[in-house]
Amino acid sequence: MAVDMQEHGHATQKEPTADEVREQLSRLLANPFFSHSKRFPTFLRFVVEQTLAGDSENIKERTLGIEIFGREAEYDTSSDPIVRVTAAEIRKRVAQYYQDAAHEHELRITLPSGSYVPQFHRPKGTNDPVFLELSLTAAEDAPNSEPRRIPHPARTPRHSHTMLLLASVTVGVLSVASVLLWQAMHRSALDFFWQPVMATNDPVLLCIADQLQYSSIALRDAAEPTHQVILNDKLTAIVVDDVYATVKVAGVLHSNRRQYSLKGEGATNLEDLRNGPTVFIGAFDNAWTLRMTNPLRYHFSNDAAMTKMSIVDGTAPSRTPWVLDRSVQMATNNYRDYAIIARFTDTNTGKLAVVVAGIGRGGTIAAGEFLTDAGDLAQLQRAAQAAGDKKNLEVVLSTLIIDGEPGTPKMEAAYFW
């Protein structure tokens, strides 16, 4: 780290140069937290370059909606939250990136809450805004508010060094305490949803959607990987987005040392479901999910041509606010998707059932994110407590899909019984 030595033994860090910021931005965007997305790198690159160009005053929600997402100049930012949703997800991914010890000495690029203007600085230990940001409770964005400023320490006379030391120790203790509290809250939220699954000794089955069998497979030549050879085979295809949700759920089970198995819905029978808890992933490509959710208050529905698919409230079946128009989905790849997550004891098997299913593929990804993210589950936990901590629950989620990439999941409705 570059440091200037100044009089009286004080050291100040050099401000990052534009080249250093761009180099760190490239490093950040090459990470899987960003490289698997289109809109997150575009958003972050845009605001960084605007800031480096000295044009940060024009980084506002409406400007970003127009420049990055192609919205009309007069679009309604209150009904179209794409900028806020994207910024919130970027903040989360940036924090996750810097939590990795391999990146602790790297230049910081942060997007403070309440602002879309990035800040650039070198790591500063317990005063590092990255760690201060992690200790805050997630809140609604205030898009045009001023960013929080992290004050730089002023020069301190020698006789107050003791006070400075005590203050530093206090800050350190509070930082550690906030991290421990953050971890405890997150653990509690995860336990709230998953503890009934973990409490049984029965094996957990992950029932995932599968598609038609294929009669051939393309294999690559070891000596020349660009050369493919087509061989006869019998394969069952699995949608990658369903796999994403499956991996997220399997990670929770693995971290709790729970045994689990994986089966395609076509190979799953009622006897399998009687052996223990089952997690059903995917909706319209998973017959078991449709069977399990059909008796519930919130369940899936569609027209005869499968052009419009929806989630219906059984207490008000004529009201269908949660609809996915497949023609819009296919034409634009920008749409709002919906999902059901549920945890209940199935009356047919007597075993616990967990549902992780979106109308479209993005909805299933968002559902998997929600059920494995402690911050998201904390919202559900509060709603469950307010409803009397009943055993069974069902939730409708929504997520905005931009260029095929889902944003942060949002709770639309919940029912407890």
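A salt bridge here is a side-chain nitrogen of Lys or Arg within 4 Å of a carboxyl oxygen of Asp or Glu. By that rule, this predicted model holds 13 salt bridges. The legends below start with the whole chain and then move in on selected helices and ion pairs.

**Figure 1. The whole chain, with its 13 helices and 17 strands.** Welcome to the overview, which sets the scene for the close-ups. Of the 417 residues in the protein chain, 42% are buried. Contacts between residues 24 or more positions apart make up 60% of the contacts in the chain with a separation of 6 or more.

**Figure 2. Helix α1 packed against helix α3.** Here residues 18-29 form α1 and residues 39-52 form α3. The two helices pack at an angle of about 175 degrees, and their axes lie 11 Å apart. Because angles over 145 degrees count as roughly antiparallel, α1 is roughly antiparallel to α3. On the α1 side, look for Ala18, Val21, Arg22, Leu25, Leu28 and Leu29. Their counterparts on α3 are Pro41, Leu44, Arg45, Val48, Glu49 and Leu52. Sorted by class, this contact has nine nonpolar residues, three charged residues and no polar ones.

**Figure 3. Helix α3 meeting helix α5.** Stay with α3 and turn to α5, which covers residues 82-99. This pair packs at an angle of about 90 degrees, with 10 Å between the axes. An angle from 65 to 115 degrees counts as roughly perpendicular, so α3 is roughly perpendicular to α5. From α3, the residues to find are Arg39, Phe40, Phe43 and Leu44. They meet Ile82, Val83, Thr86, Ala87, Glu89, Ile90 and Arg93 of α5. Seven residues of this contact are nonpolar, one is polar and three are charged. Leu44 is worth a second look, as it also belongs to the contact of α1 with α3.

**Figure 4. Helix α12, a mostly covered helix.** This view frames residues 361-372. At 1.5 Å a residue, the 12 residues of α12 should span 16 Å, and the end C-alpha atoms are 17 Å apart, which agrees. Buried residues account for 11 of the 12. Among them are the glycines Gly362, Gly363 and Gly368. Ile365, Ala366, Ala367, Phe370 and Leu371 are buried too, and so are Thr364, Glu369 and Thr372.

**Figure 5. Two salt bridges, Arg71 with Asp80 and Lys263 with Asp272.** Side chains of opposite charge can pair when their charged atoms come close. For Arg71 and Asp80, the N to O distance is 2.5 Å. Asp80 has a relative accessibility of 15%, so this residue counts as buried. In the other pair, Lys263 and Asp272 are joined at 3.0 Å, N to O. Lys263 counts as partly exposed because its relative accessibility is 30%, while Asp272 is buried at 15%.

**Figure 6. The Glu271 and Arg274 salt bridge, and a network elsewhere in the chain.** The closest N and O atoms of Glu271 and Arg274 are 3.6 Å apart. Glu271 is partly exposed, with a relative accessible area of 47%. Arg274 also counts as partly exposed, at 37%. Salt bridges with shared partners also link Glu89, Lys92, Arg93 and Asp373 into one network. Two of these residues, Glu89 and Arg93, will be familiar from the contact of α3 with α5.

Key:
Residues are numbered from 1 along each chain as its sequence is written. This is a predicted model: local features need pLDDT of at least 70, side-chain atom pairs count only at pLDDT 80 or more; totals for chains, interfaces and linings use all residues. Side-chain values use heavy atoms; hydrogens and water are left out. Axes are lines fitted to C-alpha atoms, for helices over the stretch in contact, and angles run from 0 to 180 degrees between N-to-C directions. Helices (H or I, at least four residues) and strands (E, at least two) are DSSP runs, numbered from the N terminus. Angles under 35 degrees count as roughly parallel, over 145 as roughly antiparallel, 65 to 115 as roughly perpendicular and the rest as oblique. Contact means heavy atoms within 4.5 Å. Ala, Val, Leu, Ile, Met, Phe, Trp, Tyr, Cys and Pro count as nonpolar, Asp, Glu, Lys and Arg as charged, and the others, Gly among them, as polar. The expected span of a helix is 1.5 Å times one less than its number of residues. Buried means under 20% relative accessible area, exposed over 50%, partly exposed in between (1.4 Å probe, protein chains only).
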